[in-house]
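Q: I have a model open and would like to learn how to read it. Can you walk me through it?

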Amino acid sequence: MTRTLPQLPATSAAAPARGPDARRGLGRRRAVAVLALAFTAVVLLGLVPGFVGSAVSTALPWLGLLLVPLLVAALAVRGRTWLVALVPAIAWAFAVGPSFAWLPASDGVGAADAAEAPAELVFASQNVEALSGTAADSATTLAAAGADVVALTELEGDARAQADAALEASHPYSYAVGTVGIWSTSPISNARPLELGLGWNRALTVDISAPAGLVSVYVVHAASLRPGAQSDRDTMLDELSAVIDRDENERVVALGDFNAASTDPALAGIRRTLSEPGQSEPSFGFTWPAAFPVARIDHLFQRGLTPVENTVIPAGASDHLAVLTTLRY
């Protein structure tokens, strides 16, 4: 007896082969997904200590420009591929967010309330560029901008004497060591140099007795960042973080040339106890090089005070822009 096999319904037939258009669409979706994951991996590299992490973190703000075509490509293909493209966008936003913000330039305190207005201190910091010959110009510009505290780094040759002469009338209290210096309108005490693990002085600390209370201030010029030779910079920043951790003062300010971008993992220790104010206007606040800034390597970090305004301005003929920050008690 011959057994007859049941026939499969027509609806259960094998799916038709994909046409050229379908295959191209699948290829595009896969390409967008691969690019999105690759971009995310690059962003994560910026969190890794070491030269690669420092280099990637410096480039992170600019890498955001690549997100635009990636998101456009994700929206152009069918399906939910655009959701995958959100992953690198979110990762990038979290990585650069702390260095891309803005603050109110004013809290609305008018002249009638001036007697009751909270006290403020204006800090200015600039690397004046060794042998540029314009330390006096920088000092004069920053004082005219309203800075109560002026911190200058890379003071070589007679730059310190130039700054002293420019500020002696308006900022009579000062302290300098090596190539870093600080000038203040309020008295300075407990001044001392900081080696920060280098064996020579590229930093200092003072207490500023402002009318509204004492502020611990640290001025630093971190060692340069070069491939295979960044250990000095990382050591300095780690040591500075440790010194600040031991500071019992409620109000602390650290400023200067850190030779590290805002997102650099080498700043993680300092960021654990201090915060960097965002920019008063939508900007990354790049400071170097002054002619066409591509990175923010000059910073002000603080705790115990309220940021009011934070911006960068040109001063002198330095290759760095100056950081100008107003802090409120």
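Here is a short talk about confidence, cores and one helix residue.

A: First, the ground rules: this is a predicted model, so local features need pLDDT of at least 70 and side-chain atom pairs count only at pLDDT 80 or more, while totals for chains, interfaces and linings use all residues. Residues are numbered from 1 along each chain as its sequence is written, and side-chain values use heavy atoms, with hydrogens and water left out.

Q: What does the chain average in pLDDT?

A: pLDDT is the predictor's confidence in each residue, from 0 to 100. Here the chain averages 89, and 87% of the residues score at least 70. Over residues 105-114, though, the pLDDT is below 50.

Q: Which residues touch the most other members of the largest nonpolar core?

A: A nonpolar core is a set of buried Ala, Val, Leu, Ile, Met, Phe, Trp, Tyr and Cys residues joined through side-chain atoms within 4.5 Å. This one has 22 residues, and Leu 196, Tyr 218, Leu 237, Leu 240, Phe 258 and Ile 270 touch the most other members. Helices (H or I, at least four residues) and strands (E, at least two) are DSSP runs, numbered from the N terminus. The largest share of the core, five residues, comes from α6.

Q: Is Thr 40 buried or exposed?

A: Buried means under 20% relative accessible area, exposed over 50%, partly exposed in between (1.4 Å probe, protein chains only). Thr 40 sits in helix α1 (residues 20-45) and is buried, at 12%. Leaving aside neighbours within four places in sequence, Thr 40 is in contact (heavy atoms within 4.5 Å) with Val 87, Pro 88 and Ala 91.
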